[in-house]
Every structure is written in C-alpha cells, then in structure tokens.
Amino acid sequence: MPISGRKVPPRAIEKEQATVASTISGREVELPAMWNRMFEPRVLTEHSPDGFAKLAELPGAESLEWCYGCGKCIPVCPVDLVGEYGPRKLHRKVQTGVDLLTDPDLWMCTSCGNCLRVCPKEVDMIQIMPAAREAALADGNVPGELQDVFEKTFRYGNALGENPRRRAQWTRDAGVPVRILSKEPGPVDVLFYVEDYWSYHPRGQEAARAFARVAHALGIDWAILGPEEKTLGDSQRLAGEKGLFDALVEDVTATLAKYDFARIATPDPHGFNALVKEYPKRGHTFDALHYTQLLSPLVDKITWAKELPYKVTFHDPCYLGRHNGEYDAPRKLINAIPGIELREMGRCRENGYCCGGGGGGMWLDGFTRDHTSERLSERRVREAAETGADTLVVCCPYEVSRFEDAAKSTGNGHLKVRDIIELIDEAMDHAG
C-alpha cells in the first residue's frame, strides 16, 4: 500500500497452515506454507551464457540460442529415435555448461533438416553444425574415421581414397559406349557427374552401368569427366571441412570450364545440393538435375520389355526431398515400371526418415555406435520391412550399401535394396 507517496511491498505473515474457503462452493481448502512459496519469483543463477556466446562467435551457429524449448524438433529427429538428441536437448546441454565443440553430440547430427522443418524459431542445424564442426576441427577435435576421409579426399579427390585414374573403370562392363570428355571433347547436352560411390563402390557401379544403358536407349546426349572428376564435396563441407570444400569448388569449376555442356546431372543428392545451393554462392551457377529429374520427363519414351512383380517401398533421400523439395520425380519413375506395387512407409516425403549418411554420417557409423541403440539405417530397414515390401528402392548412392548391411544385421535379408535406375534397366527393352 502507498506510504508517504511511495509503494512498499506488503509484509507477509506466513503461517505453516492456512484454510481458505472457496467463494463459489464454500468448500475449505488447506494450504501449507510451501504451496504459497511456489509463487515467489526465482532467479536462474545456475546457468551461464558462456556456451551460447562461444557459438554466437561462429557465423551460422548463433541460432541454437533461439530455442525456447517447445520440443517440436524431438519427435521428428531421426537420431532421437535411436538415442537422445535434437536441437532442444542440445540447447539444454549448452545451457547447463556442456561445450558443444568438445562433446560427442557435435558429430551425431546428420543434417537431415527435419527439425528445421517444424521449428517455429528457425533454429538451423544445417548452419549450426558445419560452423561448430569447423571450429572443432581447428582445435584438432575430430573423430578418426572422419579425419581419414578428409585426408583421402584431399589426396585423391574422392572419399574412398581410390586412384583417380580408375574413375571411369566401371564403364568397361556397361555394354554401351560411354563418352569421356577428355578423350572425346566437344559440346554435349548432359554432363553426367558420377560422384564417388557410383564410380568406385561395387554396388554403386552396378547402378552406374544401369544408367548408362538406360541413357543410351533413350538417346540422351551425355558424357562424363572420367579421371578429371573430383567429388563435389558437400558432405565434407557439412562435416566441418569448409576449407577442403572451397578447394574442391576451385578444382571442380576449373575442370567444368574446359567443356561445353548445357546441363549437369548427378545421381548423388548431396552433390546435387552443392550444385544447386553452394556453388552459386561462390559464383558458379549450373542447370543442375538429379538423375530422376533428368529421366522422369522421358518416361513415356521408354519401351518396356517385361513386368517386375515386386512390392516396393521408397526411401526419400533427405537432400533430394526435404532440402530441395523433389518428391515426385522418383515416384513417377517407380510407378511407370510395369508390375511394380509401391507401398509408402509411414515416414515419407516431408517427414521421411534419414538413412544416417548425411552430414558426414556416412563415415561415422563406428563413432555413433557408442551413442545410439541402433544405426539409423537399421531403424529405416525395419520400417521398410513393416510395409510388407520385398524391395527397398532408393536413389542415393550412399543408401544401397547402408541398407543392404542393415537388412542383414536386422534379420531382414529377404528385403532387397535396389536403386530406381536398376529396376528401370531390368524392365526396359534395350533393343527397342
């Protein structure tokens, strides 16, 4: 009440026990003193802003502090389904003193983007994680598996550490001619950027050969770089090696500048993302397509030779779907194949589940094993098997080997893993 013109707080007389009668019902309620103290204002003195200040100094990492704890990110985070993760949980850890730059959680995020899709505050892990990882790398804090990939990429231009001269070796068994621009220069409509796993991995090479046969049958004017090709480097960038990525951009664009092509297509959603979003930031713009986008407008020109009696389910790659909005081109190709029955998983399209390979996760299975109950690829294979499908269809080079291993480790060996292009190749008439 006012005293001498000044407001002063009332003097509270606290009783250990008090009885209050309701003015509506007349019922009496006993209120202990501890109940009354619940409404006193409290000062949060146990938290320090130092962790957020450290992140705020890193361009792109400042948005973690924007989290206000709504928790919408947790149910959609693929890592949380097999562990304890999500932006809200990371925010809480930093708030209570955890140094994200030295914590294992820094390397668990696959940059799938599902949290950003639902976050009302736009806490952006796609920016936070690369920035924080770059700072950790500068301090020498990097998992050994990832450091090995960085070194191989720097030395050989690919994550597998393979000889660049073997880049085009897969073409020998394709059964159709494959033009290599360094040997047959001249204008070309489609420069096909094969990327690492279709160039070198045995299962990836099978898909690459299938693409060659399909493209030849459709009369596409296309060619590859062969030994001159280096990885586009998007996964390395997301894993924190921005310097390596910038060096790759210089090398790749210098090579591309030597040739005359109208469009550039790739089977790798991560490489596609780099061409669409990252290379233009550095002044290099291309008419870039994922191979499903290249082929889907041509589907009516395909002559089919047989029906495939498969029940299939399709896994949306994070970097083709959620990051770049392409959900229809792969499905158009799948549904065009005679005999195919497509059964969608519960988590599909915008809410598709991550295979675990994004953001450097492709090379961190050994590291993440100690922090999760199972690999993300194993969880996804279980979801695929639950549809009753006999084939899990993909269109990302990372996924065939990941899901084939997961099918074996989860006891779902009956589930075949095929790239869309392999199914098209199997069903079409190459002589037509």
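**Exercises on domain contacts and an aromatic pair**

In this predicted model, 32 Å separate the C-alpha centres of domain 1 and domain 2. The chain is divided into domain 1 (49-141), domain 2 (162-297) and domain 3 (302-427).

**Exercise 1.** Determine how many residues of domain 1 and domain 2 are in contact, and which three residues of domain 1 supply the most buried area.

*Solution.* Begin with the contacts: seven residues of domain 1 touch six residues of domain 2. Next, take the area: the two domains bury about 530 Å² between them, with 56% of it on carbon and sulfur atoms. Finally, consider the share of each residue: P130, E134 and L137 supply 59% of the area that domain 1 buries against domain 2, more than any other three residues.

**Exercise 2.** Describe the polar and charged character of the interface of domain 1 and domain 2.

*Solution.* A search for salt bridges across this interface finds zero. For polar contacts, the count is one residue pair, with both residues at pLDDT 80 or more. By class, the side of domain 1 that touches domain 2 comprises four nonpolar, one polar and two charged residues.

**Exercise 3.** Classify the aromatic pair of F211 and W222, and locate both residues in the secondary structure.

*Solution.* The structure holds 10 aromatic pairs, one of which joins F211 and W222. Their ring centres lie 5.3 Å apart, and the angle between the planes is 85°. Planes over 60 degrees apart count as edge-to-face, so the pair of F211 and W222 is edge-to-face. F211 belongs to helix α9 (residues 202-217) and W222 to strand β6 (residues 222-223); the two residues are 11 residues apart.

Key. Residues numbered from 1 in each chain as written. Predicted model: local features only at pLDDT ≥ 70, side-chain atom pairs only at ≥ 80, totals over all residues. Heavy atoms only, no water. Domains from an automatic or database assignment. Contact = heavy atoms within 4.5 Å. Buried area = accessible area lost by both parts, 1.4 Å probe. Salt bridge = Lys/Arg side-chain N within 4 Å of Asp/Glu carboxyl O. Polar contact = N/O pair within 3.5 Å; in protein donor to acceptor, adjacent residues only side chain to side chain. Nonpolar A, V, L, I, M, F, W, Y, C, P; charged D, E, K, R; others polar. Phe/Tyr/Trp six-rings, centres within 6.5 Å; stacked < 30°, edge-to-face > 60°. Helix = DSSP H or I, 4+ residues; strand = E, 2+ residues; numbered from the N terminus.
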